Amino acid sequence: MRKILLAILVFALLLNPENSYAAQKRKSQRKKSPPQSQSQTQKLITVESEGVAPVINENLNEARGSARRDMMRNALENAIGTFVQSVSKMENFEVVKDKVFTQTQGLVKRVDVKREWVDADGLLHLSGTCEVAEKNLDAVLGPAVIDALGNPRIVILIDERVGNKVSFMSTAEGEVQKIFERAGFTIIDHRLVLNDGAIDVAATMMSQSPEGLLQVANACNADVVICGTAYSEQISHQRRLGVNLYNMRSRVRLRAILVDTRQTLGFEEGSTHDNNNRPVNMNNALGQTPEDGAVRGLRPSAEIAAKNIVNKIAYALASGNSNGISGRTVKIIISGIDFRTGKLLREKLQNLPGVNGVYQRNFKNNKLELDIVSDKNSDEIAEYLSDNKFEITGVSGAQVEANGAIASGEDDA
């Protein structure tokens with residue numbers, strides 16, 4: 001009985017990641033590391049800024065406080081443009097700014113006033129530089145952008161394996177889903193939508209081909225595909241006091257594809273760094289079975305990879321950028337249109353105010369596909385097509401579908 005209790009105790013200690021040799025080593029390194037300054041622990045964005053406030057009843061102190069707050073708000077707006085330019089082009093940018101401004105004190109780490117003066121109109125001016133914490137800004141800006149985008153829809157397609165066998169536990173998918181749901185995205189479960197077997201989702205996840213992934217996304221009416229691999233392999237096996245212990249090395253790699261623009265965001269891996277910016281291996285874990293060790297390793301890896309990419313997706317959706325040309329991209333799909341009418345439509349769209357580019361992606365069987373890069377949203381483009389006698393059959397965040405009778409004259413476009 002005593003041997004059994006001792007075996008259970010040893011097993012529990014070994015499974016606790018904080019009791020591992022690597023964890024103890026990291027703790028020791030943290031204790032020995034000298035205290036770091038704020039600039040060493042986080043990246044700061046330095047921007048020039050100016051604040052203005054009226055001087056009321058000759059109360060300079062009150063005006064100075066108001067001008068300082070205005071200076072910090074302007075600094076945040078400038079920092080947003082420096083951090084990610086696409087957000088400032090959003091239709092709901094004012095709403096995003098208001099949400100960010102509520103966190104001013106936590107984002108602006110330093111204000112350096114270099115000049116102060118009162119103009120002829122009795123307004124106090126402060127000018128100088130401010131330092132904004134990039135990581136903190138990302139944590140506030142990302143959710144604000146996602147909310148302003150209207151909770152974009154995503155589908156998760158991760159090929160998860162333990163050794164050379166497909167894992168049906170979907171550990172990585174579950175962790176990724178938690179992060180994206182928490183951020184405000186809407187999750188589409190492909191198992192519920194594609195239950196008729198028309199698309200081989202398992203084969204698509206294994207191949208990770210862009211065409212197959214986009215086919216699944218379109219069938220699920222998703223805005224973004226989160227795809228990639230989650231792999232766990234056994235690196236050692238030992239038996240201690242009658243208990244089997246499997247040491248598993250796990251790795252998660254994620255990427256995202258924006259469905260309407262086909263833009264791909266690069267791989268994000270589940271890794272992190274210590275206080276000295278050295279890589280920390282969080283992917284090795286012990287388990288009583290290979291599957292148990294895989295779960296323990298894949299969870300933290302998937303969580304880190306998802307956190308690394310979640311806000312990047314929001315910023316990319318906000319820009320709708322296509323081929324480096326500024327503006328949002330809206331895809332138009334028109335059925336029942338001849339080539340000549342399609343050409344006339346492209347010319348008219350190209351001459352619309354605010355349109356930076358019109359690109360024909362496909363024309364086949366009287367079906368035309370165009371990408372429009374402009375400052376207009378899908379509703380505005382749908383309204384223009386409707387005014388030009390096209391029947392609108394579908395409108396999403398970045399896509400308009402329509403029917404158009406095959407025309408014989410220029411006025412029909």
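This passage walks through a sheet and its helices, a set of salt bridges, a hairpin and some ring contacts in a predicted model.

A convenient place to start is the open sheet, which has 3 strands in the order β1-β3-β2 and antiparallel pairing. Its edge strands are β1, covering residues 44–54, and β2, covering 108–118, and each of these pairs on one side only. From one strand to the next, the twist averages 20°. As a general matter, the strands of a sheet pair through backbone hydrogen bonds, in either a parallel or an antiparallel manner.

The pairing of β1 with β3 can be followed residue by residue. Strand β3 spans residues 123–133, runs antiparallel to β1 and is joined to β1 by 11 bridges. Two of the partners in β3 may serve as landmarks: S49 has G128 as its bridge partner, and E50 is matched with S127. S49 and E50 also belong to opposite faces of β1. The covered face of this strand consists of I45, V47, S49, G51 and A53, while L44, T46, E48, E50, V52 and P54 make up the uncovered one.

Two helices can be placed relative to this sheet. Helix α4, residues 60–83, lies across β1, β2 and β3 and runs at about 140° to β1. Helix α7, residues 134–149, packs on the sheet as well and touches β1, β2 and β3; the direction of α7 makes about 95° with that of β3.

Attention now turns to charged side chains. Side chains of opposite charge can pair when their charged atoms come close. Across the whole structure, the search finds 15 salt bridges. One of them links E134 with K43, where the closest N and O atoms are 3.8 Å apart. Because E134 lies in helix α7 and K43 in the loop between α3 (38–41) and β1, this pair ties together parts that are 91 residues apart in sequence. The two partners fall into separate accessibility classes: E134 is partly exposed at a relative accessible area of 22%, whereas K43, at 57%, counts as exposed.

Another salt bridge connects the sheet with helix α4. Here E116 pairs with R64, and the closest N and O atoms are 2.8 Å apart. E116 is in strand β2 and R64 in helix α4, so parts that lie 52 residues apart in sequence are tied together by this pair. E116 has a relative accessibility of 38% and counts as partly exposed; R64 is likewise partly exposed, with a value of 29%. Strand β2 also offers a contact between a charge and a ring: R115 lies over the face of W117, at 4.0 Å from the ring centre.

A third example is found within a helix. K178 and E175 form a salt bridge in which the closest N and O atoms are 3.3 Å apart. Both residues belong to helix α8 (residues 171–183), and because they are 3 residues apart there, about one helical turn separates them. K178 is partly exposed, with a relative accessible area of 45%, but E175 counts as buried at 12%. In addition, E77, E94 and K97 are joined into one network by salt bridges that share partners.

Further along the chain, a hairpin comes into view. Strand β14, residues 355–364, and strand β15, residues 367–374, run antiparallel and are joined by 8 bridges. Within this pairing, Q360 of β14 has L370 as its bridge partner in β15. The hairpin formed by β14 and β15 has 2 residues between the strands, and N365 in the turn shows a positive phi of about 50°.

The hairpin also takes part in a contact between aromatic rings. Such a pair is described by the distance of the ring centres and the angle of the planes. The count comes to 3 aromatic pairs, among them the one between F339 and F363, which is edge-to-face with 5.7 Å centre to centre and 75° between the planes. Since F339 lies in helix α13 (residues 339–350) and F363 in strand β14, the pair ties together parts that are 24 residues apart in sequence. F339 is partly exposed, with a relative accessible area of 48%, and F363 is partly exposed too, with 26%.

Definitions and conventions. Residues are numbered from 1 along each chain as its sequence is written. This is a predicted model: local features need pLDDT of at least 70, side-chain atom pairs count only at pLDDT 80 or more; totals for chains, interfaces and linings use all residues. Side-chain values use heavy atoms; hydrogens and water are left out. Two strands pair if DSSP finds at least two bridges between them. Helices (H or I, at least four residues) and strands (E, at least two) are DSSP runs, numbered from the N terminus. Axes are lines fitted to C-alpha atoms, for helices over the stretch in contact, and angles run from 0 to 180 degrees between N-to-C directions. Contact means heavy atoms within 4.5 Å. A salt bridge is a side-chain nitrogen of Lys or Arg within 4 Å of a carboxyl oxygen of Asp or Glu. Buried means under 20% relative accessible area, exposed over 50%, partly exposed in between (1.4 Å probe, protein chains only). Rings of Phe, Tyr and Trp (its six-membered ring) pair if their centres lie within 6.5 Å; planes under 30 degrees apart count as stacked, over 60 as edge-to-face and the rest as tilted. A charge sits over a ring if NZ of Lys or CZ of Arg is within 6 Å of the ring centre and within 35 degrees of the ring normal.
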